[in-house]
Amino acid sequence: MTLLFGRTIKFAGTAGIQVEALDFQQAKLRLANRRKVQNHIGSVHAAATALLGESASGFLLGMHVADDKIPLLKSMQIQYLKRSTGALTAVAQLDEAQITQLQHSDKGEVVIRVLIKDQLGVEPVEALYTWAWIPKIRKPG
């Protein structure tokens, strides 16, 4: 699953994000604290942390959006609270009401809270991702 995800979402693949668990209500992704994603103090860079949360929420949302819709990230609200230690794990979840909305609305938006923890179990950031979906516009041809 990680290989397929990395090939489809190239930036996440470049960063080395790994899929740990995935079902229809939850996505759990991991990012190791490797040199190419580190900041100047040796922890996972803020942008890489944001990418991890975006990837978890987007992957989960994408499982529910019909093929004739386009998912779009509208906003990220990320508050960096503490320095992280080691690898990061992101868990995104959807409740039944959100899933129903995704599957039965032609367009709309949903806010997904992503729980991001470091290897010590500390939550170094608070993260909310607002995703929208709209119908694909087919070009005449």
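Buried means under 20% relative accessible area, exposed over 50%, and partly exposed in between. With that cut-off in hand, here is a set of close-up views of a predicted model.

**Figure 1. L72 and its neighbours form a nonpolar patch on the surface.** L72 sits in strand β3. Its relative accessibility is 37%, and therefore L72 counts as partly exposed. Together with I70 and I134, L72 makes up a nonpolar surface patch with about 200 Å² of accessible area in total. For the wider setting, the accessible surface of the chain comes to about 8300 Å², and carbon and sulfur atoms hold 53% of that.

**Figure 2. Six strands line up in an open sheet.** Let's step back to the fold before zooming in again. The chain has four helices and six strands, and they follow one another along the sequence as α-α-β-β-α-β-β-α-β-β. In the sheet, the strand order is β1-β2-β4-β5-β6-β3, and the pairing is antiparallel. β1 (18-22) and β3 are the edge strands, each with pairing on one side only. From one strand to the next, the twist averages 25 degrees. Helix α4 packs on this sheet and touches β4 (88-93), β5 and β6. The direction of α4 makes about 135 degrees with that of β5.

**Figure 3. Strand β4 is largely enclosed by the rest of the structure.** How many of the six residues of β4 are buried? Five of them are, so the strand is largely enclosed. On one pairing, strand β2 (residues 26-31) is joined to β4 by six bridges, and the two run antiparallel. A handy pair to look for here is Q26 and its bridge partner Q93 in β4. In another pairing, β4 meets β5 in the antiparallel sense over five bridges. There, A90 has I116 in β5 as its bridge partner. Across the chain of 141 residues, 38% count as buried.

**Figure 4. β3 and β6 run antiparallel and are joined by 11 bridges.** In this view, strand β6 (residues 125-135) is the partner of β3. To find your place, look for P71, which stands opposite W133 in β6. Another residue of β3 is K74. Is K74 buried or exposed? K74 is exposed, with a relative accessible area of 52%. Leaving aside neighbours within four places in sequence, K74 is in contact with E109, T130, W131 and A132. V111 makes a useful landmark too: K74 and V111 are 37 residues apart in sequence, while their C-alpha atoms are 9.7 Å apart in space. For the chain as a whole, residues 24 or more positions apart account for 67% of the contacts with a separation of 6 or more.

**Figure 5. K69 forms salt bridges with D68 and with D106.** The side chains of K69 and D68 meet at 2.9 Å, N to O. In the salt bridge between D106 and K69, the closest N and O atoms are 3.4 Å apart. This second pair links distant parts of the chain: D106 lies in the loop between α4 (96-104) and β5 (108-118), while K69 belongs to strand β3 (residues 69-80), 37 residues away. Which of these side chains is buried? K69 is, with a relative accessible area of 12%. Its partner D68 counts as partly exposed at 38% relative accessibility, and D106 is likewise partly exposed at 47%.

**Figure 6. E20, K28 and R30 are linked in a network of salt bridges.** One of the links is the salt bridge between the side chains of E20 and K28, at 3.8 Å from N to O. E20 is partly exposed, with a relative accessible area of 42%. K28 also counts as partly exposed, at 30% relative accessibility. How many salt bridges does a search of the whole structure find? The search finds six, and the E20–K28 pair is one of the salt bridges to look for in this view.

Key: Residues are numbered from 1 along each chain as its sequence is written. This is a predicted model: local features need pLDDT of at least 70, side-chain atom pairs count only at pLDDT 80 or more; totals for chains, interfaces and linings use all residues. Side-chain values use heavy atoms; hydrogens and water are left out. A salt bridge is a side-chain nitrogen of Lys or Arg within 4 Å of a carboxyl oxygen of Asp or Glu. Buried means under 20% relative accessible area, exposed over 50%, partly exposed in between (1.4 Å probe, protein chains only). Patches are made of residues with over 30% relative accessible area and no salt bridge: like charges are joined within 9 Å, nonpolar side chains (Val, Leu, Ile, Met, Phe, Trp, Tyr) within 5 Å. Accessible areas come from the Shrake-Rupley method with a 1.4 Å probe; for residues, only the protein chains shown count as cover. Two strands pair if DSSP finds at least two bridges between them. Axes are lines fitted to C-alpha atoms, for helices over the stretch in contact, and angles run from 0 to 180 degrees between N-to-C directions. Contact means heavy atoms within 4.5 Å.
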